[in-house]
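These are my notebook entries on a structure that was new to me. I set down what I looked up, in the order in which I looked.

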Amino acid sequence: MNDKIIYFDNAATTQMKEEVLEEMLPFLKEKYGNASTIYSLGRESKKYIEEAREKIANSIFAKSKEIFFTGSGTESDNWAIKGIAYANKNKGNHIITTSIEHHAVLNTCQELEKNGFEVTYLPVNENGLITKEQVKNAIKPNTILISIMFANNEIGTIQPINEIGKIARENKIFFHTDAVQAMGNIPINVNEMSIDLLSMSAHKFYGPKGIGALYIRTGIKISSFIQGGAQERGKRAGTENTANIVGFGKAIELATLNIEQNNKKLLDLRDRTIEEITKKIPFIKLNGDRQKRLPGNVNISFEFIEGESILLMLDMKGIAASSGSACTSGSLDPSHVLLEIGLPHEIAHGSLRITFGNNNTHEEVDYLMDVLPDIVAKLREMSPLYENVKKEKRYV
Ligand code: PLP
C-alpha cells in the first residue's frame with residue numbers, strides 16, 4: 001500500500017481527470033488561436049469557449065451570458081465583492097459576511113474596510129453554522145451585499161443558502177456565495193436559491209488549476225475587475241485561457257453527470273472514517289456539523305498533539321492530508337475557522353482534515369485506520385500534555 005500516494009486532500013485540489021486533459025490538449029497544441037481573432041483558428045477557440053460556458057451555466061441553471069471566466073476562485077471572490085461594493089456605493093456601504101469565510105473573502109472585506117466600507121462578520125455556532133435570523137438582524141438600511149460561503153473548506157459545513165437567498169431578495173440586497181467547495185459536489189440552482197453572484201474554481205472538481213468563473217445574474221450592477229481588452233464582454237480583460245476553459249467545461253459536465261453516485265461514495269467513505277476514528281481513538285472531537293457537511297469532509301481534533309506532527313507521520317506512511325494548524329500567515333496561529341467554532345488553541349492545533357475524492361477507496365480508509373491510531377498513540381506518548389492527563393487518570 002506504500003508505493004503510491006494515498007491522496008486525502010481533495011479540498012486543497014483534485015487530480016485532473018484523464019478525459020479533461022484529453023479535451024484540453026488540442027488547445028495547447030494545434031488549436032492555439034486567440035479567441036478574439038476573426039480567422040477560423042481563432043473562431044474555433046471562441047466556439048469551444050462558448051460551449052464550455054454553456055456547460056457551466058447549465059450546471060447551476062444559469063444563462064451562458066451570466067458566466068464570466070476568471071483566473072481563480074480567489075479572483076472571482078475579489079471581483080464579486082469589490083465589484084458590487086464600488087458599483088453600488090451610492091446605495092450604501094455595508095456588507096454582511098461570516099467569520100469563517102475563506103481568506104479570499106475575508107481579506108477582500110478587510111481591504112474594503114480600509115476604503116470606507118463597513119463589514120459585519122457574523123459569528124458561527126459551535127457546529128460552524130449561521131442562522132437566517134442572524135442574517136436578518138444584521139441588515140441595515142445601508143446594506144448592499146451579503147456574501148456567505150456555500151460550504152466551508154476546512155470543516156465542510158453547508159450554510160442555509162436557500163434561506164439566506166430569500167432574505168437577501170426580500171430586502172433587495174445582492175447575494176454572493178463562494179461556492180468553490182460546493183460546486184461539483186452539491187447540486188446548485190441559482191434561481192431556486194436566489195443567488196445573484198457565485199464564485200467557482202475548476203481545480204476543486206477534477207479540472208485544471210488557474211481557471212475560475214463568476215456567475216453574475218443578469219441586471220446586476222457590478223464594476224469590471226481587470227481593465228484592458230474587450231474580453232468577457234468588457235468585464236474581465238485578458239486573452240482567454242482556452243485550454244483551461246475547455247477543461248473547466250468538461251470537468252463540470254462530468255461532475256454534474258455523476259453527482260449522485262459520487263456523493264454516495266464520498267458519504268460512505270466519510271461516515272466510515274468518522275465512525276472508525278471515534279471507535280478506535282480516545283480524546284477526539286469532530287469539527288463541523290455532523291450532518292450538514294460536505295460529503296467528503298472529515299475534520300477531527302486529536303487532543304494533546306499537533307496536527308502538523310500527525311501530517312508528517314502520515315506522509316511517511318504515504319498518506320497526504322491536511323491540518324487545521326497550517327501557519328498560513330507565517331505565525332503559528334491555528335485556523336481561524338477552528339477558533340471561530342470555539343476550539344481552544346491547543347485543541348485546534350491538533351486537528352486533521354481528510355477530504356475524500358472520486359478516486360479514494362475503502363481499502364485506503366482501511367490502511368488509514370491501520371496506521372492512524374498508532375501514530376496518535378506514539379505522539380501522545382511524547383506529549384507532556386498527555387503525561388499530565390495520565391497522572392490525573394483522565395484516561396481509561
Ligand atoms: N474559496 C474557497 C472556499 C476555497 O476553498 C478556495 C480554495 O481553497 C478558494 C476560495 C480559492 O480558490 P482558488 O484556489 O481557485 O483561488
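Entry 1, the domain contact. I began with the area hidden between the two domains of this predicted model, and I noted that domain 1 and domain 2 bury about 2500 Å² between them, with 51% of that area on carbon and sulfur atoms. I then asked which three residues supply the most of the area that domain 1 buries against domain 2. They are Thr14, Ile259 and Leu294, which together supply 27% of it.

Entry 2, the division of the chain. I looked up the bounds and found that domain 1 is made of two stretches, 6–14 and 259–391, while domain 2 runs through 18–257. I wrote down that the contact draws 27 residues from domain 1 and 34 residues from domain 2. The C-alpha centres of the two domains are 29 Å apart.

Entry 3, polar and charged pairs across the contact. I searched for salt bridges between domain 1 and domain 2 and recorded a count of zero, whereas the count of residue pairs in polar contact between them, both residues at pLDDT 80 or more, is 21. On the side of domain 1 that touches domain 2, I listed helix H8 (259–280), strand S10 (297–302) and helix H10 (336–340), each of which supplies at least two residues. Of the elements on that side, H10 gives the most, with four residues. I also sorted the residues of this side by kind, and they divide into nine nonpolar, 13 polar and five charged.

Entry 4, a salt bridge inside a helix. For the structure as a whole I noted 20 salt bridges. I followed up one of them, in which the side chains of Glu111 and Lys114 meet at 3.5 Å, N to O. Where do Glu111 and Lys114 lie? Both are in helix H4 (residues 103–114), three residues apart, which is about one turn of the helix. I added a reminder that side chains of opposite charge can pair when their charged atoms come close.

Entry 5, the ligand. I looked up the 13 residues around the ligand and found that Thr74, Asp178, Gln181, Ser201 and Lys204 come nearest. For Thr74, I noted that an N or O atom of the side chain is 2.5 Å from an oxygen atom of the ligand. A polar side-chain atom of Ser201 lies 2.6 Å from a ligand oxygen atom, and for Lys204 an N or O atom in the side chain is 2.6 Å from an oxygen atom of the ligand.

Conventions:
Residues numbered from 1 in each chain as written. Predicted model: local features only at pLDDT ≥ 70, side-chain atom pairs only at ≥ 80, totals over all residues. Heavy atoms only, no water. Domains from an automatic or database assignment. Contact = heavy atoms within 4.5 Å. Buried area = accessible area lost by both parts, 1.4 Å probe. Polar contact = N/O pair within 3.5 Å; in protein donor to acceptor, adjacent residues only side chain to side chain. Nonpolar A, V, L, I, M, F, W, Y, C, P; charged D, E, K, R; others polar. Near = heavy atom within 4 Å.
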